[in-house]
Amino acid sequence: MIANLLVANRGEIARRVFRTCRSLGIATTAVYADPDADAPHTREADAAVRLPGAAPADTYLRGDLIVKAALAAGADAVHPGYGFLSENEEFAQAVLDAGLTWIGPPPAAIAAMGSKTAAKRLMAAAGVPVLEALTDPVEADLPLLVKAAAGGGGRGMRVVHRLDELAPRLAEARAEAARSFGSDEVFCERYLPTGRHVEVQLLADTHGTVWAVGERDCSLQRRHQKVIEEAPAPGLDEEVRTALHAAAVAAARAIGYSGAGTAEFLLAPDGRFHFLEMNTRLQVEHPVTECVTGLDLVALQLRVAEGEPLPAPAPPAPRGHAIEARLYAEDPARDWQPQTGTLHRLELPGTTVEFATADGDTGLRLDSGVAAGSVIGAHYDPMLAKVVAWAPTRAAAARRLADALTRARIHGPVTNRDLLVAALRHPAFLAGRVHTAFLAEHAAGLAPAPGGDAAAALAAALADAAERRVGSALPSGWRNLPSQPQSKRYAAADATVYEVRYRFGRAGLVAEGHPGTTLVSATPTRVVLETDGVRSGYDIARHGDRVHLDTPAGATVLTALERFPDPAAQVDPGALLAPMPGTVARTAVAVGDTVTAGQPLLWLEAMKMEHRVTAPADGVLTELRAVPGQQVELGTLLAVVQPAP
């Protein structure tokens with residue numbers, strides 16, 4: 001039996017595995033790169049081993065160091081989590097060769113599914129429907145999806161709408177795939193823009209039992225990466241569901257699979273499905289399956305690895321519905337740019353469990369790899385947390401999840417929280433009309449309405465005044481006789497600037513632009529306003545010049561502005577500054593080139609993704625300071641475009 005388990009990973013998946021280990025009486029060992037020395041997963045483990053390395057993200061890819069760490073700490077088993085080395089057959093074999101227990105499928109099964117092109121051929125031979133890999137696409141095949149053969153997570157993927165776009169997109173995909181997966185092999189397949197991404201959770205033991213533990217719909221995606229997942233898949237015809245499960249089981253049996261895995265399919269609008277790939281590991285979205293089945297998938301992984309059979313011939317039937325939302329430090333309004341900085345607060349009121357299987361008919365689960373004080377850097381994926389709601393019905397689960405995210409206290413980098421809430425409340429989502437282009441198709445309806453933060457700006461100004469008047473008998477802005485009002489300026493996330501002008505007289509608060517609004521109470525951390533008889537409370541926190549205002553109806557983040565901006569801080573309109581810390585992946589222009597607005601000039605690599613930096617206007621490139629391989633910080637000058645006259 002396993003006595004001490006090392007998790008060859010970080011963040012929330014490491015904490016998730018540790019949670020099951022504690023319940024089973026198994027000791028835990030963490031590994032960490034230098035930026036994770038004080039991370040929650042490092043602190044929670046019974047023992048932790050530092051992984052040396054100059055590039056923090058690469059240290060978790062050093063299988064030799066991880067095996068050495070396991071032996072040094074006295075661990076007798078290794079769980080790979082997901083990502084990093086979780087689907088690397090050489091690492092799995094190295095773990096076994098060291099005399100350790102590998103929590104995963106046999107290395108041969110990992111190898112069989114390691115290349116998507118090889119996996120397609122294998123599945124076709126086993127009778128599983130596949131989406132054909134195209135070797136010489138023609139006009140009739142458009143649109144196309146270019147994919148990396150050796151990896152996933154949205155990396156090395158490009159959509160092609162015209163054949164003359166194919167060559168440059170192939171070059172981009174190959175370059176990104178080579179850096180990400182060590183292989184530049186890519187392939188093309190038909191792109192079904194309104195297809196659904198449906199996957200089947202598999203569990204297999206070494207005694208011949210293979211479970212299809214229900215399916216999940218993971219269609220809501222951005223950059224080909226999942227954002228909202230749910231179980232079971234909504235509106236799925238029972239005949240299609242049965243066929244999907246059977247195809248997934250056939251895929252597992254075809255490669256002698258054991259452990260947890262996922263068979264992913266693309267469900268076309270006509271109801272036909274096609275095998276995409278098999279993930280030979282636990283998936284990020286596994287909690288939704290746990291919440292509707294009551295199973296602990298990690299505990300079952302350990303059971304299988306110890307040679308035990310699955311506890312029954314068939315898995316339990318799902319009950320109710322579960323929906324998961326991935327909370328990312330990214331800005332949907334700026335092409336999903338990842339965000340960095342200190343996370344000052346992360347609270348989810350109403351949470352019933354963390355990293356645990358569901359208990360009861362309804363609840364709220366939080367799985368997070370960060371905590372207050374964590375620094376969100378550019379080395380890793382920008383996911384802050386997974387929030388899961390489960391309930392007897394899909395509508396009830398969506399309502400619970402949207403409300404929980406609305407009430408969450410998230411202070412720090414910009415997140416996708418508002419977009420998640422809007423998607424969960426969108427009529428098309430609630431009707432089950434989901435597909436992989438959902439977020440793009442409904443972008444206008446999911447974007448927040450501009451200019452709606454005036455009342456929040458007033459509350460922020462009053463809280464600031466309350467802080468300044470501590471110890472004073474009179475409120476800031478109070479005058480016995482009419483005089484000039486107090487003034488404070490704030491910028492909202494949509495760049496709207498609010499100038500708050502107010503004063504206090506014998507009749508109380510008088511705020512310009514806010515007729516009928518009176519002040520009920522104000523402290524540095526809470527302001528209550530009443531407008532036309534309706535009271536609204538704002539909980540307020542400041543971190544530098546950022547002001548976070550939380551209410552039951554949602555959150556607002558404002559930036560306090562100086563009354564007299566420093567002219568030296570003004571930026572040339574043609575200057576292109578790094579929008580995030582990262583590495584310059586490549587450049588596409590040279591000084592003196594004529595460029596057009598929106599033309600890609602260079603690419604930054606950060607948080608496991610490439611991000612284009614484009615020309616802000618038509619003009620001439622007069623400076624190019626970015627060099628491939630260069631590490632840049634937020635705000636670094638990358639290039640200058642002199643606008644055309």
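## An enclosed helix

A residue counts as buried when its relative accessible area is under 20%. In this predicted model, helix α13 spans residues 417-424. Six of its eight residues are buried, so the helix is largely enclosed by the rest of the structure. Which residues of α13 are buried? They are R417, L419, L420, V421, A423 and L424.

## Nonpolar cores

Nonpolar side chains tend to be buried together in soluble globular proteins. Here the largest nonpolar core holds 39 residues. I228, F429 and L439 have the most contacts inside it. Several elements give two or more residues to this core. The strands are β11, β14 (321-328), β20 (363-368) and β22 (383-391). The helices are α12 (394-407), α13, α14 (427-430) and α15 (438-441). Which element gives the most? That is α12, with six residues.

A second core is separate and has 29 residues. Among them are A14, A260, L282 and V284.

## Around I228

Neighbours within four places in sequence are set aside here. I228 then touches D217, C218, S219 and L220. I228 is also in contact with I323, E324 and A325. L420, A423 and L424 are further contacts of I228, and these three are buried residues of α13. F429 completes the list for I228.

## Cis peptide bonds

Most peptide bonds are trans. Two cis bonds to proline are described here. One joins L142 and P143, with omega about -5°. P143 is in the loop between α7 (116-125) and β6 (144-148).

The other runs from A231 to P232, with omega near -10°. P232 is found in the loop between β11 (225-231) and α9 (238-254). Strand β11 also gives residues to the largest nonpolar core.

## Positive phi away from glycine

Most residues other than glycine have a negative phi. R223 is not a glycine, yet its phi is positive, at about 55°. R223 is in the loop between β10 (210-222) and β11. Is R223 buried, partly exposed or exposed? R223 is partly exposed, with a relative accessible area of 22%; the buried class ends at 20%.

D532 is not a glycine either, and its positive phi is about 50°. D532 is in the loop between β28 (526-531) and β29 (534-543). The relative accessibility of D532 is 66%, so D532 counts as exposed.

Definitions and conventions:
Residues numbered from 1 in each chain as written. Predicted model: local features only at pLDDT ≥ 70, side-chain atom pairs only at ≥ 80, totals over all residues. Heavy atoms only, no water. Buried < 20%, exposed > 50% of the residue type's maximum accessible area, 1.4 Å probe, protein only. Helix = DSSP H or I, 4+ residues; strand = E, 2+ residues; numbered from the N terminus. Core = buried A, V, L, I, M, F, W, Y, C linked by side-chain atoms within 4.5 Å. Contact = heavy atoms within 4.5 Å.
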